[in-house]
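Thanks for coming. I have one structure to go through today, and I will take it from burial to the overall fold, then the core, the charged pairs and the surface. Please have a look at it first.

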Amino acid sequence: FGLLRNRLPPEESKIYDFFDLSHSNWRSAFVTACAQPTVVEMVLEVLTEFGRCKGLQELELVQSIFLESQVDELSQAFTISNNCLTPTFKLKRSVLEQRYQMQIRQMLSVLTR
């Protein structure tokens, strides 16, 4: 989230506080931040800006995102223990497709309007 922090206007810098992992209640703050539409929009804007800087064409740019807030003590959402990774740390795509089916459908419905 360093990229995001550097792009925040001063009046919106309080949003970065949601991502401050140094305080004892960081997990709750992180969950709250991921649910904020303004935070999601800002992350999407940073990704879009980065893609444009790298020369991506419009159809190659990220159009929609979902911020996963359910992370473990190492701030990881995909682990072997939650069945998202194989023992060799490969993504279990079918498990992830099921896990995020609702979010994928929601993003696609917005994009196809």
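One cut-off before anything else: a residue is called buried when its relative accessible area is under 20%, exposed when that area is over 50%, and partly exposed in between. Keep in mind throughout that this is a predicted model.

Let me apply that to one residue. Is Thr 79 buried or exposed? Its relative accessibility is 10%, so Thr 79 counts as buried. The residue sits in the loop between helix 3 and helix 4, the latter covering 93-99. Setting aside neighbours within four places in sequence, the contacts of Thr 79 are Asp 72, Cys 84 and Leu 85. One of those partners, Cys 84, is itself buried, because its relative accessibility is 1%.

Now the overall fold. The protein has five helices and zero strands, which gives the pattern α-α-α-α-α when read along the sequence. Of its 113 residues, 29% count as buried. As for contacts with a separation of 6 or more, 42% of them involve residues 24 or more positions apart. The exposed area of the protein is about 8,300 Å², and carbon and sulfur atoms account for 55% of that.

Next, the core. In soluble globular proteins, nonpolar side chains tend to be buried together. Here the largest nonpolar core has nine residues: Phe 30, Cys 34, Val 39, Val 43, Leu 44, Ile 65, Leu 67, Val 71 and Ala 77. Two elements give two or more residues to this core, namely helix 2 (26-35) and helix 3 (37-53). Helix 3 supplies the largest share, three residues.

Cys 34 is one of the core members. With a relative accessibility of 9%, it counts as buried. Leaving out neighbours within four places in sequence, Cys 34 is in contact with Val 40, Leu 67, Glu 68 and Ser 69. Leu 67 is also on the list of core residues. Since I have now mentioned two cysteines, I should add that a search of the whole structure finds zero disulfides.

That contact list brings me to Glu 68 and the charged pairs. How many salt bridges does the structure hold? There are two. In one of them, the side chains of Arg 52 and Glu 58 meet, at 3.2 Å from N to O. Arg 52 counts as partly exposed, because its relative accessibility is 46%.

The other one joins Arg 99 and Glu 68, whose closest N and O atoms are 3.6 Å apart. Arg 99 belongs to helix 4 and Glu 68 to the loop between helix 3 and helix 4, so this pair ties together parts that are 31 residues apart in sequence. The two ends differ in burial class: Glu 68 is buried at 18% relative accessibility, whereas Arg 99 is partly exposed, with a relative accessible area of 31%.

Last, the surface. Which residues make the nonpolar surface patch of about 250 Å²? They are Ile 104, Leu 108 and Leu 111. Ile 104 is found in helix 5, which runs over residues 101-111. Its relative accessible area is 35%, so Ile 104 falls in the partly exposed class.

That is what I have; I am happy to go back to any part of it.

Note on methods:
Residues are numbered from 1 along each chain as its sequence is written. This is a predicted model: local features need pLDDT of at least 70, side-chain atom pairs count only at pLDDT 80 or more; totals for chains, interfaces and linings use all residues. Side-chain values use heavy atoms; hydrogens and water are left out. A disulfide is a pair of cysteine sulfur atoms within 2.5 Å. Buried means under 20% relative accessible area, exposed over 50%, partly exposed in between (1.4 Å probe, protein chains only). Patches are made of residues with over 30% relative accessible area and no salt bridge: like charges are joined within 9 Å, nonpolar side chains (Val, Leu, Ile, Met, Phe, Trp, Tyr) within 5 Å. Accessible areas come from the Shrake-Rupley method with a 1.4 Å probe; for residues, only the protein chains shown count as cover. A salt bridge is a side-chain nitrogen of Lys or Arg within 4 Å of a carboxyl oxygen of Asp or Glu. Helices (H or I, at least four residues) and strands (E, at least two) are DSSP runs, numbered from the N terminus. Contact means heavy atoms within 4.5 Å. A nonpolar core is a set of buried Ala, Val, Leu, Ile, Met, Phe, Trp, Tyr and Cys residues joined through side-chain atoms within 4.5 Å.
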